[in-house]
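Biologist: Teach me to read a ligand site. Keep it brisk, please.

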Amino acid sequence: MENLFDLPAEYKELRTSVRALAEKEIAPFAQAVDEEHRFPLEAKNALVKNGLYAAHVPTEFGGDGADALAAVLIIEEVARVCGSSSLLPAVNKLGSMPLILGGNDEQKKRWLPRLVKGEGFSYCLSESEAGSDASALRTKVERSGDGWVLNGSKKWITNAGESEFYSVIAQGDPKLRSKGITAFIVEKSDPGVSFGAPEKKMGMRGSPTREVYFDNVELSDDRRISEVGEGFALAMNTLDHTRITIAAQAIGLAQGAFDVATKYAHERHQFGKPIFDFQAIQFILADMAMNIEAARLLTYSAAIKSENNEKDLTFFSAASKCFASDMAMKVTQDAIQVLGGYGYVSDYPVERMMRDTKLTQIYEGTNQIQRIVMARNLPNA
Ligand SMILES: Cc1cc2nc3c(=O)[nH]c(=O)nc-3n(C[C@H](O)[C@H](O)[C@H](O)COP(=O)(O)OP(=O)(O)OC[C@H]3O[C@@H](n4cnc5c(N)ncnc54)[C@H](O)[C@@H]3O)c2cc1C
């Protein structure tokens with residue numbers, strides 16, 4: 001019988017090649033990127049050179065046309081060695097999905113080929129007073145002649161300042177709440193755009209997170225990528241497709257921590273034998289492996305639902321993000337336990353992996369919000 005759960009050969013080959021690239025060109029810099037809080041330029045160059053920086057972009061717009069499962073595998077393998085670097089392909093997908101889902105061909109031709117070449121795309125939904133309650137956003141967009149004027153600020157924007165392009169979700173009529181919201185593309189070089197100082201973060205320290213300010217930014221109507229009043233629906237539809245990439249990131253981080261812990265358990269001797277010989281350690285590792293595999297299967301099925309735009313995508317994408325990130329938090333903590341004192345210091349990468357993982361439970365909607373999304377979209381209800 002055909003193995004339903006075995007990846008087809010082309011995906012296995014993709015995993016092998018991205019793993020080799022990540023180990024050779026990204027892993028050597030991961031610790032320095034974290035310690036120095038610096039942008040992972042080596043990773044960016046390697047990803048751009050190998051067509052992995054924004055592989056999800058369709059081939060007619062210069063990308064590799066990687067489907068949702070391929071994009072998951074790429075992010076997973078980069079996250080296995082460096083969480084911050086995995087935010088490059090993940091956020092490029094997040095930032096450009098509103099354009100891919102809502103834009104016309106002319107708009108796609110204008111920005112997507114430049115994204116693939118390394119110009120970067122960020123996603124601007126959250127504000128200081130609008131996090132989980134995203135539709136309370138106050139960044140204001142007003143008609144001005146044939147175009148628009150944008151004023152306000154966005155908070156927590158990943159890769160802000162590095163990215164050239166920004167999907168900005170703005171309110172045109174607060175009385176209409178979510179139905180007053182419209183989506184636009186803003187460029188870093190547009191007059192009136194500026195950035196705050198990088199946030200000082202617990203983890204993902206190589207990925208800059210900044211505020212973005214809009215001061216009378218003039219936009220022609222060809223910057224608009226949703227119908228007027230349909231920007232919030234576009235922003236939510238985007239998250240249905242991209243929460244899966246956060247699940248992938250969490251799985252990669254968990255796998256990285258598991259690999260380090262397993263190797264360590266075989267090498268470290270106490271009481272005259274490898275600590276792997278103690279059943280207590282074996283059980284920790286067995287649970288880690290079991291939970292990683294469970295998250296992987298859920299996430300890969302969510303990716304296939306994203307690719308086919310299936311009806312239950314909203315449930316599955318929220319479930320994969322929630323399950324994988326909670327799983328990864330436990331697995332990375334357990335990896336530290338396996339390493340004992342050595343896990344608590346930065347000689348080994350597991351403490352960095354745990355700090356990076358914490359964010360996967362928070363962004364693209366906290367795991368409390370994922371549970372609300374799941375409850376509203378229960379399967380077979
Ligand atoms: C490093 C980083 C990078 C980010 N990158 C981006 C980005 O690129 N683009 C972007 O737009 N946003 C980004 N975000 C924002 C992120 O999505 C928000 O932080 C997140 O949605 C939570 O919003 P909040 O921080 O305002 O928390 P709040 O909404 O204030 O939530 C605080 C707590 O209350 C809980 N809570 C809130 N409402 C409910 C409810 N109804 N029921 C139960 N519990 C609830 C939450 O789960 C949480 O535990 C990023 C955040 C961080 C930290």
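Biologist: How far is an oxygen atom of the ligand from a polar backbone atom of L125?

Modeller: A polar contact is a pair of N or O atoms within 3.5 Å. Here, the L125 backbone atom and a ligand oxygen are 3.0 Å apart. This is a predicted model, where local features need pLDDT of at least 70, side-chain atom pairs count only at pLDDT 80 or more, and totals for chains, interfaces and linings use all residues. Residues are numbered from 1 along each chain as its sequence is written, and side-chain values use heavy atoms, without hydrogens and water.

Biologist: Which side chains have a polar atom 2.6 Å from a ligand oxygen?

Modeller: S132 offers an N or O atom at 2.6 Å. T366 has a polar side-chain atom at 2.6 Å from a ligand oxygen.

Biologist: How much of the ligand does the protein bury?

Modeller: Accessible area comes from the Shrake-Rupley method with a 1.4 Å probe. Alone, the ligand exposes 980 Å². The protein buries 65% of that.

Biologist: How many residues surround the ligand?

Modeller: Count residues with a heavy atom within 4 Å. There are 19, and W156 and Q368 are among the closest.

Note on methods: A polar contact is a pair of N or O atoms within 3.5 Å; within protein, one must be able to donate a hydrogen and the other to accept it, and residues adjacent in sequence count only if both atoms are side-chain atoms.
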